[in-house]
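Here are some notes to go with your first look at this structure. Keep the viewer open as you read, and take the points in any order you like.

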Amino acid sequence: MKVHVFTYGCQMNENDTEIAKQLLANAGFEIVPSEDEADIVILNTCAVRKKSEEKVYSHIGKLRKKHKKIGIMGCVAEKEKENLFKRGVSFVVGTRALNRIPEAVRNSKNGNKLIFLEDTLNEVEYQNIETRSSKHHAWITVIYGCNRFCTYCIVPYTRGREKSRPINEVLTEVEALADRGYKEFTFLGQNVDAYGKDSEDGTSLAKLLSEASRVENVKRLWFLTSYPSDFSLEIPQVMNQSEKIARSIHLPVQHGSNRILKAMNRRYSREEYIELINNIRSIVPDVSISSDIIVGFPGETDEDFEETVALVEKMQFERLNLAIYSPREGTVAWKYLKDDVLHEEKVRRMSFLLNLQKRINRELNESYQGREVEVIVESSAKNGLFYGRDVRNKIISFNGSEELIGKSVLVRIEKISAGPLFGVITKTLDI
Ligand code: SAH
Ligand code: SF4
Ligand code: F3S
């Protein structure tokens, strides 16, 4: 039987897809690169906003027209559970039962409707996952779930409570992958700073980064996503001890007004956030900090929005992901707070921030003009150029060749924009 897996959503879903593909291959199924070739299509889904969920339903509709068997995994599977059978899917596999997928595919042949939602993740042999989307950069989920319950967010309902993987297991995975030629690793968690807090052995993200940086052949380590009041200043300190730890921290603030932060149940104030960033920057001055912001949260006034604008000006983020508030069924904000900011106003606020951030990006990028930076080549882009990232997560584009993928090169920056930087390779550092 031929199976295709299509991924929506965050890097954690990407990592889950890699695991699902390996388990399917181990069970003897053929993984095919396009849905048209497949007998069964598995959608790994995202429910973070209404739009993300709607995309899944329209994809299901298209697949049904093509008479494909359909399986659903990921966050919509957890959110909608057996309701999905009404849409004609054959099986539903929850985020912590992804190792039940081969069984679900096998048994769906008989026309059974199958649903697996239990937590069986401790059975996964992570170090044996070969079906990764990159040959040199590996995602590694180190902590599942989220305990934060921000009032707008569906993730704690779809991913369950925080559960860290044992540090030795993660390090074994890093070593196994480094032996097979992987150089870059991204440690993933919805609240990655909570890593180790649920175990009693004193493990922490800082410790994991520090130990992983000692693994031979590891070139660069990343981690995502940080939560301000769980973030430890030990992290910038370990950055200073190892060049292998990327100078890049994704630290979503979500809003600039204390009133809205409180309504969001973010457990820090605007002032605490600013102090945290100042502290991080005083330890690692060239660190790159990126963030997420939601506009149009219930009750957001012009004054609240102005506080977000002023914070964005002040913080000089290297990148900003903006989202319009989307009520999610079952969350506290959906139950108790009226979605009262007009849609046109939400769009206006969003585009105001987009333009502001574009200007900031351009100004920050000026400092790259003429500089030479070390870049790990990631892939080729649609325009024929190749691209990669420097240690500050800056995307840099240049003329390259396939055999450079996964290697380090020096690139002299010749042209900047508000988005990627453009340059020429001056030296190949590892061959
Ligand atoms: N764990 C991360 C992010 C998880 S979701 C954190 O705490 O920041 C990724 C981003 O989606 C969030 O940062 C938020 O900006 C956005 N998001 C989450 N729920 C949303 C909602 N209901 N409406 C709009 N944006 C949302
Ligand atoms: Fe969602 Fe908040 Fe958890 Fe992030 S920290 S996943 S926004 S509940
Ligand atoms: Fe989406 Fe679930 Fe990730 S809701 S953002 S796929 S954790």
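How many residues does helix α13 have, and how far does it reach from its first C-alpha to its last? Please keep in mind throughout that this is a predicted model.

1. **Helix α13.** This helix covers residues 343-366, which makes 24 residues, and it reaches 35 Å from its first C-alpha to its last. That is close to the 34 Å expected at 1.5 Å a residue. Its buried residues are K346, R349, L353, L356, Q357, I360, N361 and N365. As you look down that list, it may help to recall that an α-helix has 3.6 residues a turn, so residues three or four places apart point the same way. The cover over the buried residues of α13 includes two strands that you can find at 288-295 (β13) and 319-324 (β14). It also includes helix α11 (302-315) and strand β19 (421-428).

2. **Helices α10 and α11.** Helix α11 also has a contact with α10 (residues 270-283): the two pack at an angle of about 10 degrees, with their axes 12 Å apart. They are therefore roughly parallel to each other. On the α10 side, the contact is made by R270, Y273, I274, I277 and R281. On the α11 side, E307, A310, L311, K314 and M315 take part. Sorted by class, the residues of this contact come out as six nonpolar, no polar and four charged.

3. **Helix α7.** Here is a short helix to pick out, at residues 205-212: six of its eight residues are buried, so α7 is largely enclosed by the rest of the structure. The buried ones are L205, A206, L208, L209, S210 and A212. Among the elements that cover them are α6 (167-179), β10 (184-188), β11 and α8.

4. **E173 in helix α6.** Helix α6 also holds E173. Is this residue buried or exposed? With a relative accessibility of 2%, E173 counts as buried, because the cut-off for buried is under 20%. Leaving aside residues up to four places away in sequence, E173 touches Y126, Q127, R132, I140 and R165.

5. **Y57 in helix α2.** Y57 sits in helix α2, which runs over residues 50-65. Its relative accessible area is 16%, and Y57 is buried. Beyond residues up to four places away in sequence, Y57 touches V76, E80, L84 and R87. One of these partners, L84, is 27 residues from Y57 in sequence, and the two are 9.4 Å apart in space, C-alpha to C-alpha.

6. **S248 in strand β12.** Strand β12 covers residues 248-250, and S248 belongs to it. S248 is buried, with a relative accessible area of 8%. Not counting residues up to four places away in sequence, S248 touches W222, F223, M239, V287, S288, V391, R392 and N393.

7. **Backbone details to check.** Most residues other than glycine have a negative phi, and most peptide bonds are trans. N393, a residue touched by S248, has a positive phi of about 65 degrees although it is not a glycine. You will find N393 in the loop between β16 (386-389) and β17 (395-398). Q254 also has a positive phi, near 70 degrees. Q254 is in the loop between β12 and α9 (258-263), and it counts as buried at 8% relative accessibility. Where is T225, the residue that follows L224 across a cis peptide bond? T225 is in the loop between β11 (220-224) and α8 (234-241), and the bond from L224 to T225 has an omega near -10 degrees.

8. **Surroundings of ligand 2.** Which residues surround ligand 2? They are C146, R148, F149, C150, Y152, C153, V155, P156, Q190, Y227 and R266. By class, this shell has eight nonpolar, one polar and two charged residues.

9. **Surroundings of ligand 3.** Q190 appears around ligand 3 too, along with C10, N13, T45, C46, A47, V48, C75 and R159. This shell divides into five nonpolar, three polar and one charged.

Key: Residues numbered from 1 in each chain as written. Chains lettered and ligands numbered in written order. Predicted model: local features only at pLDDT ≥ 70, side-chain atom pairs only at ≥ 80, totals over all residues. Heavy atoms only, no water. Helix = DSSP H or I, 4+ residues; strand = E, 2+ residues; numbered from the N terminus. Expected span 1.5 Å × (residues − 1). Buried < 20%, exposed > 50% of the residue type's maximum accessible area, 1.4 Å probe, protein only. Contact = heavy atoms within 4.5 Å. Near = heavy atom within 4 Å. Nonpolar A, V, L, I, M, F, W, Y, C, P; charged D, E, K, R; others polar. Axes fitted to C-alpha atoms, helices over the stretch in contact; angles between N-to-C directions. Parallel < 35°, antiparallel > 145°, perpendicular 65-115°, else oblique.
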